[in-house]
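User: Please take a close look at one part of this model, the charged side chains and the partners they meet. Then place that part in its wider setting.

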Amino acid sequence: MNKKERNLMRLAVIVLSLIGGGFWGRFFTVQPARASEVGLSAGSALAPAVTDEDVLAILRTENLQLVDKEGKLRASLSASSNESSVALTLSTIKGRTCMILHGSYEGYPGLLFSGEGGTLAELSFETSGMPSLALSDAQGKIRNLLRLEPDGNALLAMQDDKRIARVLFGRVTPATAGASKELPLASLVLCGQDEKIIWKAP
Amino acid sequence: MDKKEYLVVGGLIVFFSLLGSALSNWLFSSEAAMAAEMPMTSGTESQSLGAISYQKVVKTEMLEIVAKGGKTLGRFGLDQQGLPALVLFDKVGSVSASLIVRPDGNSSLSLLGKGGNMASLGIDSDGSPTLAFFDSKGTDRCVLRLEAGGDPMLAFQDAQGKTRVALGGISEKLAGKVLPVRPIDSLVLLDENQKPVWKAPENSSRP
């Protein structure tokens, strides 16, 4: 073998070694999971397990959508267009939005459930900044309201279908009860259809 | 070739095989890492936020939140009927909170405490908005809700599920054969046999 042949052989050895090493590294060493292989599409129940290798540390998006096998939107976790809030929404099979949890709508977070017939349950903050739980009938009228008054005291108010307060329990003020004189901080007041007090304690 | 030549060729094979393998790993692991930065299912438009790239919309049937050890702590996905749910688990794998949509189209939030006590807010199967506290046996002990006709009521119940305090309206449906039907503006205290032992106002025959 002359010098030229030896150099050619060495070059061939180098190239073939690089190729061989590359193939070995590509196919015979453990690779991290590819994004396309993450097991999120199983989706037959809330029970499927994924292996440790399938875990992404962080998923970043503006809008995460849950879609059924036909591609119909069932739920979403998304940022609002004005970047002020994030909302989680769940929908029924018919596509009606039946639950909204929002981080901040007009400055206040809230949780809203809506029934098939139009009834509502809403846990939120009033414009005064105080928390409240409101249960509304099918006509959208608040009938059961549990809230903190601006002074921090609690009040449970039950209203009839004409929005007249019939039961006031807790921090009852003359304004809310239509009373002529100051009531104790903790009171139970029952009012008639004409808004007049028919019974109170103490 | 002499012995020295064989050693040189052997050394070249070992060195460049290692180099090739290292290059291969570096190249393909970089590719995987770049892919891992991107969300996992069908996405649409991608966005760049400084050095971080992400997709504007990610669609999936299931999202799982896991702890560093791999334990699942939360799932946001569809059940077998295609109904969405968000479920959070505690460290032993029990459900601690859930937001679900039921097949009847109503939804609720449930928080489960230690010992099996539960708080629930949502729309009942009869369409009534309800806040309820349950004891460890699953009996509702405190219920704030609207009755089927929309009348509001607050009820405290005993361990057998019998109403002992009723503030607000008691509808015919709720009253059944035992409880008295009452208007909204009423408070009734009942014994273990569901008989009123005290009520206000006394006159309960008003509409």
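Analyst: **Charged side chains and their setting**

The side chains of Arg166(A) and Asp185(B) are joined by a polar contact of 3.1 Å. This is a predicted model, and the distances here are computed from it. Arg166(A) sits in strand E10 of chain A, which covers residues 165-170. The side chain of Arg166(A) also makes a polar contact of 3.2 Å with that of Asp160(A). Arg166(A) therefore has an aspartate partner in its own chain and another in chain B, and its relative accessible area is 3%, so it counts as buried.

Arg143(A) can be read alongside it. In chain A, its side chain meets that of Asp137(A) in a salt bridge, with N to O at 3.1 Å. Are these two residues buried or exposed? Arg143(A) is buried, at 2% relative accessible area. Asp137(A) is buried as well, with a relative accessibility of 4%. Both values fall under the 20% cut-off, which is why the two residues are placed in that class.

Arg143(A) has a further salt bridge, to Asp151(B), where the closest N and O atoms are 2.8 Å apart. Because Arg143(A) belongs to strand E8 (residues 142-148) of chain A, while Asp151(B) belongs to the loop between strands E10 (140-146) and E11 (152-157) of chain B, this pair joins two chains. Asp151(B) has a relative accessible area of 31% and is partly exposed, whereas Arg143(A) is buried.

Lys162(A) and Asp161(A) give another salt bridge in chain A, with N to O at 3.7 Å between the side chains. Lys162(A) is exposed, with a relative accessible area of 60%. Its partner Asp161(A) is partly exposed, at 40% relative accessibility. In chain B, a network of salt bridges links Asp124(B), Asp126(B), Arg145(B) and Glu147(B). Over all chains, the whole structure holds 19 salt bridges.

**Aromatic pairs**

The rings offer another kind of side-chain pairing. There are 3 aromatic pairs over all chains. One of them is Tyr108(A) with Phe125(A), a stacked pair with centres 6.0 Å apart and planes at 20 degrees to each other. Tyr108(A) is in strand E5 (residues 108-114) and Phe125(A) in strand E6 (residues 120-125), both of chain A, so the pair ties together parts that are 17 residues apart in sequence. Tyr108(A) is partly exposed, with a relative accessible area of 27%. Phe125(A) is also partly exposed, at 34%. Phe15(B) and Phe16(B) form another pair, this one edge-to-face, with 5.0 Å centre to centre and 90 degrees between the planes. Phe16(B) has a relative accessibility of 17% and counts as buried.

**Backbone features toward the chain ends**

Some backbone features can be set beside the side-chain picture. In chain A, the peptide bond from Ala201(A) to Pro202(A) is cis, with omega near 0 degrees. Pro202(A) lies in the segment that follows strand E12 (197-201). In chain B, the peptide bond from Ala200(B) to Pro201(B) is cis, and its omega is near -10 degrees. Pro201(B) is placed in the segment after strand E14 (196-200) of that chain.

Glu195(A) is not a glycine, yet it has a positive phi of about 75 degrees. This residue lies in the loop between strands E11 (187-191) and E12 of chain A. Gln194(B), also a residue other than glycine, has a positive phi near 70 degrees. Gln194(B) lies in the loop between strands E13 (187-190) and E14 of chain B, and its relative accessibility of 11% makes it buried.

**Chain A as a whole**

Chain A contains 2 helices and 12 strands. In sequence order, they follow the pattern α-β-β-β-β-β-β-β-β-β-β-α-β-β. Of its 202 residues, 37% count as buried, with Arg143(A), Asp137(A) and Arg166(A) among them. The accessible surface of chain A is about 11,300 Å², and 59% of that belongs to carbon and sulfur atoms. Of the contacts in chain A between residues at least 6 apart in sequence, 4% join residues at least 24 apart.

Terms used
Residues numbered from 1 in each chain as written. Chains lettered and ligands numbered in written order. Predicted model: local features only at pLDDT ≥ 70, side-chain atom pairs only at ≥ 80, totals over all residues. Heavy atoms only, no water. Helix = DSSP H or I, 4+ residues; strand = E, 2+ residues; numbered from the N terminus. Buried < 20%, exposed > 50% of the residue type's maximum accessible area, 1.4 Å probe, protein only. Contact = heavy atoms within 4.5 Å. Areas by Shrake-Rupley, 256 points an atom, 1.4 Å probe, with all protein chains shown as cover. Salt bridge = Lys/Arg side-chain N within 4 Å of Asp/Glu carboxyl O. Polar contact = N/O pair within 3.5 Å; in protein donor to acceptor, adjacent residues only side chain to side chain. Phe/Tyr/Trp six-rings, centres within 6.5 Å; stacked < 30°, edge-to-face > 60°.
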